[in-house]
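This briefing is meant for a reader meeting the structure for the first time, and it moves from charged pairs to sheets, and then to single features. Please keep the sequence and the structure in view while reading.

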Amino acid sequence: MALLPAPAALDTDGQETAEWRDAFTALVATHGPARARFILDTLADAAHRAQVGWQPALNTPYVNTIAAPAQPAFPGDLAVEERLASLMRWNALAMVVRANKAYGELGGHIASYASAADLFEVGFNHFFHAREGLDAGQHRGDLVFFQPHSAPGVYARAFLEGFLTEQDLLHFRQEITAPSAGARGLCSYPHPWAMPDFWQFPTGSMGIGPISSIYHARFMHFLTDRGLLDCAGRKVWGVFGDGEMDEPESTSALTLAAREGLDNLVWVVNCNLQRLDGPVRGNGRIVDELERLFTGSGWNVIKLLWGSDWDGLFARDLTGTLVRTLGETVDGQMQTFAAKDGRYNRDHFFHQHPELEQLAQGMTDEQIDRLKRGGHDLVKIYAAYAAAATHRGQPTVILAHTKKGYGMGTAGQGKMTTHSQKKLDDAELIAFRNRFHLPLTDEQALNLEFLQPGADSAEMRYLHAQRAKLGGYLPRRQTQCATVPVPPLAQYAQFALAAQGKEMSTTMAFVRLLTNLLKDATLGPRIVPIVADEARTFGMANLFKQVGIYSSAGQQYAPEDIGSILAYREAKDGQILEEGISEAGALASWTAAATSYSVHGLAMLPFYIYYSMFGFQRVGDAIWAAADQRARGFLIGATSGRTTLGGEGLQHQDGTSHLVAATIPNCKAYDPAFAGELAVIIDTGMREMLIEQRDVFYYLTTMNENYAQPDLPDSAHAGVLRGAYLFKSYLRNSSNGSGAISSEKHVTLLGSGAILTEVLQAAEQLAAQGINAHVVSVTSWSELARDGQACEGHADGAATPWLAQVLAHTQGPIVAATDYVRAVPETVRAYLPPGRAYRTLGTDGFGRSDTRAALRRAFGVDAHSIAATAHALLRG
């Protein structure tokens, strides 16, 4: 394509401009692109030195990055692939429309997949590699993140491949009712929890898929650099929406991907220009905006804008008017062009300039209507994918221009309402049938019959042959994974089990446990410590020397503290993932490691330690997605509670994380007070995940407050795991201090985490005042509540909740105190022994900055308040 002339208003010497342009064109023709780039760099440097105040624009002309002459030959059968894509479109449409005809409230999406169908099909037929196996030399598979609203299209392909039945398609979004019909209910979006052998990555929450794909790609480099698994030759593909790029998570880690040189990562952004309600950028151009964003972030950008039918128009556009006009057309108008027919496009686009009218001469209105955007042209898509797959040194993004609702005609193509389109009338169904030349009679089309060519048809033979070349079928979630032995508890945790009253915080106890586990020859290399720029805060600096911080570039500088035994040490085989100030990034990194058993067939054990406030409250959606993905690992909410991190104040003090954690079915949440409790919980969790291979993850809260750590007897282990055990009974003194003998009184105190120390002080005070105080250490309120709910499920009422069993050994009214909102201990109220009063104390409200003592007094969870509450209950 010829170089575009500069706008006339800026050109004060046209002849000189033409001479410069001709000279540069000759340079490219004679010496090639490399020499041309060198000269441009040299001129740019000269401009900077002369303080001209110029830098190259980050936007390129509004045309395809890969010019027609540079396209590789298309390696497939184009006609067969187009017929297959049409079959997928129809079956996806029929699935959604049939479901909504039968049950109007089910919902579903047609238009998103209609825009992305060809993008998916080229990937399925030529690029998305499946896992062949786990043996040496076998491909372990690419990672593919599917645009969630396009799930019906993926189901439609699985139907043709033979993995889903017609009955399954008839039960789209009917997961509960499907089994009664002998079918499999198909979930709305990619959900591994709902379809554990099908979907690998949950992408239904916008923005989570993009950031997760980046950290999965980086984790593959981590595995390779540490010698744990060779991930060379594998790709991470992500198909996302242009509207989704507005989510902060979508773009927050772009520079990480570039900095790490993640050339195993390819994003395809489906630029159909429309969100749910209207244009993504009605008054601008989202492709231009994304090109600037990704180019500035260090990505390789491939623009896939126009189909092959445009090549002839561009070739005849000698004045550059077509390219300039396309670049000046805002997306809102481009969407209108998509929604209108060929006559409208002739009158309102090509009639803008005489040069454009001349280009359109000889084209019928139908030909103009059929001009494809790049994301609907299999040949152009293949060229873009091939270039992305072979690019080295950078991640690549393909900005694919499509039409939302492509092929739906007046029913929804490019219309504002198209995202929610779930029904088509008879005329629209026939039009869709005709548009894609589907082998359906009018009656079959109106009945929304699914299309399934015979096994010996050209389409089916081709479909299976292409997938055979790529190692099998996708999506597929596999869980074959060797177990990892866990060392005996006493080998690494004896200091915690027999603490002998030594003072330490539970955070320090955790770091010591982790340090010892990292030394184990078998388990140690599989552990992935993760922090978000807080390793020193949590006392983990000693691990810098022991295992190092992972860096793909190694350490190319002498750190300021090089002489210190706690010096900052980066290494290519480092083990700690230090993610900077990005909780979303650290959680995405944790998820990549926590699902390695499934994604890579290699079990890893991640420990992500962070300020507890910045977990469930800040990135709770990402934690929920990790749960959906069946993550296995540990989340460590350090400096937890609302009063243990005294001086930091409101936005650092966590009073709700255990409440949120309790809502996630496969999350086991514990708030241990003592190092021994913590050790027993971690040991059991490791065995559950690495040996029993259960799809659970643990959330543990730890504190930075030093206090005496007691020994933990073996008899207490079961109670620790089930959520509570009787820690100690403080018997009343024989005298209340006045010489009179006190009457027999009892009270039971429940406490967890750091507030258990206040409970113990309260018990001592009560005993000194002549009241028997029984102290129960609650390690998990949510496990107690789940146990109680399970007992409720026994129709005969024979099962007794564990908490009731523990409290059966105590007497008197019950006071429960935590460093969290009162709703946390309230979750177990239904499972107490009958007839006993129950009062909860917590830290409801906003946090404040002050000393621990002042905060606990203000919230009413200090020893004095606990004892006073017990007295009040005893008085009745």
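Arg83 has a relative accessibility of 37% and therefore counts as partly exposed, while Glu459, its salt-bridge partner at 2.6 Å from N to O, counts as buried at 14%. The model in which this pair is found is a predicted one, and it holds 31 salt bridges.

**Salt bridges**

- The pair of Arg83 and Glu459 links distant parts of the chain, since Arg83 lies in helix H2 (residues 78-102) and Glu459 in helix H19 (residues 458-469), 376 residues apart.
- Another salt bridge joins the side chains of Asp197 and Arg184, with 2.4 Å from N to O; these two residues are 13 residues apart, and each of them is placed in the loop between helix H5 (166-169) and helix H6 (208-225).
- Asp197 counts as partly exposed because its relative accessibility is 40%, and Arg184 also counts as partly exposed, at 26%.
- The side chains of Glu758 and Arg856 meet in a salt bridge of 3.3 Å, N to O, which connects helix H29 (residues 755-768) with helix H33 (residues 852-859) across 98 residues.
- Glu758 is buried at 11% relative accessibility, and Arg856 is likewise buried, with a relative accessible area of 2%.
- Asp246, Arg275, Arg281 and Glu289 are joined into one network by salt bridges that share partners.

**Sheets and strand pairing**

- One open sheet consists of five strands with parallel pairing, arranged in the order E1-E2-E3-E5-E4.
- At the edges of this sheet stand strand E1 (143-145) and strand E4 (300-304), each of which has a single partner strand, so one side of each is left without a neighbour in the sheet.
- Neighbouring strands of this five-stranded sheet are turned against each other by 15° on average, direction ignored.
- Within the sheet, strand E3 (residues 265-271) and strand E5 (residues 396-401) run parallel and are paired over six bridges, with Asn270 standing opposite Ala400 in E5.
- A further open sheet has six strands in the order E10-E7-E11-E12-E14-E13, again with parallel pairing, and its edge strands, E10 (577-578) and E13 (667-670), each pair on one side only.
- Strand E12 (residues 634-638) is joined to strand E14 (residues 697-701) by four bridges in the parallel sense, and Leu700 in E14 is the bridge partner of Ile636.

**Strand E19 and its partners**

- Strand E19 (residues 814-817) is covered on both faces, with Ile814 and Ala816 buried on one side and Val815 and Ala817 buried on the other.
- Strand E17 (residues 746-751) pairs with E19 in the parallel sense over four bridges, and Gly751 has Ala817 in E19 as its bridge partner.
- E19 also pairs in the parallel sense with strand E20 (residues 838-841), over four bridges, where Ala816 stands opposite Thr840.

**Helices, a loop and a surface patch**

- Helix H27 (residues 675-691) has 17 residues and reaches 23 Å from its first C-alpha to its last, close to the 24 Å expected; 14 of its 17 residues are buried.
- After H27 comes Gln693, whose phi is positive, near 55°.
- Gly554 lies in the loop between strand E8 (549-550) and strand E9 (570-571), and it counts as buried because its relative accessibility is 16%.
- Trp20, Leu40 and Leu43 make a nonpolar surface patch of about 340 Å²; Leu40, placed in helix H1 (residues 14-49), counts as partly exposed at 43% relative accessibility.

Terms used:
Residues numbered from 1 in each chain as written. Predicted model: local features only at pLDDT ≥ 70, side-chain atom pairs only at ≥ 80, totals over all residues. Heavy atoms only, no water. Patch = residues over 30% accessible without salt bridge, like charges linked within 9 Å, V, L, I, M, F, W, Y side chains within 5 Å. Areas by Shrake-Rupley, 256 points an atom, 1.4 Å probe, with all protein chains shown as cover. Salt bridge = Lys/Arg side-chain N within 4 Å of Asp/Glu carboxyl O. Buried < 20%, exposed > 50% of the residue type's maximum accessible area, 1.4 Å probe, protein only. Expected span 1.5 Å × (residues − 1). Pairing = 2+ DSSP bridges. Axes fitted to C-alpha atoms, helices over the stretch in contact; angles between N-to-C directions.
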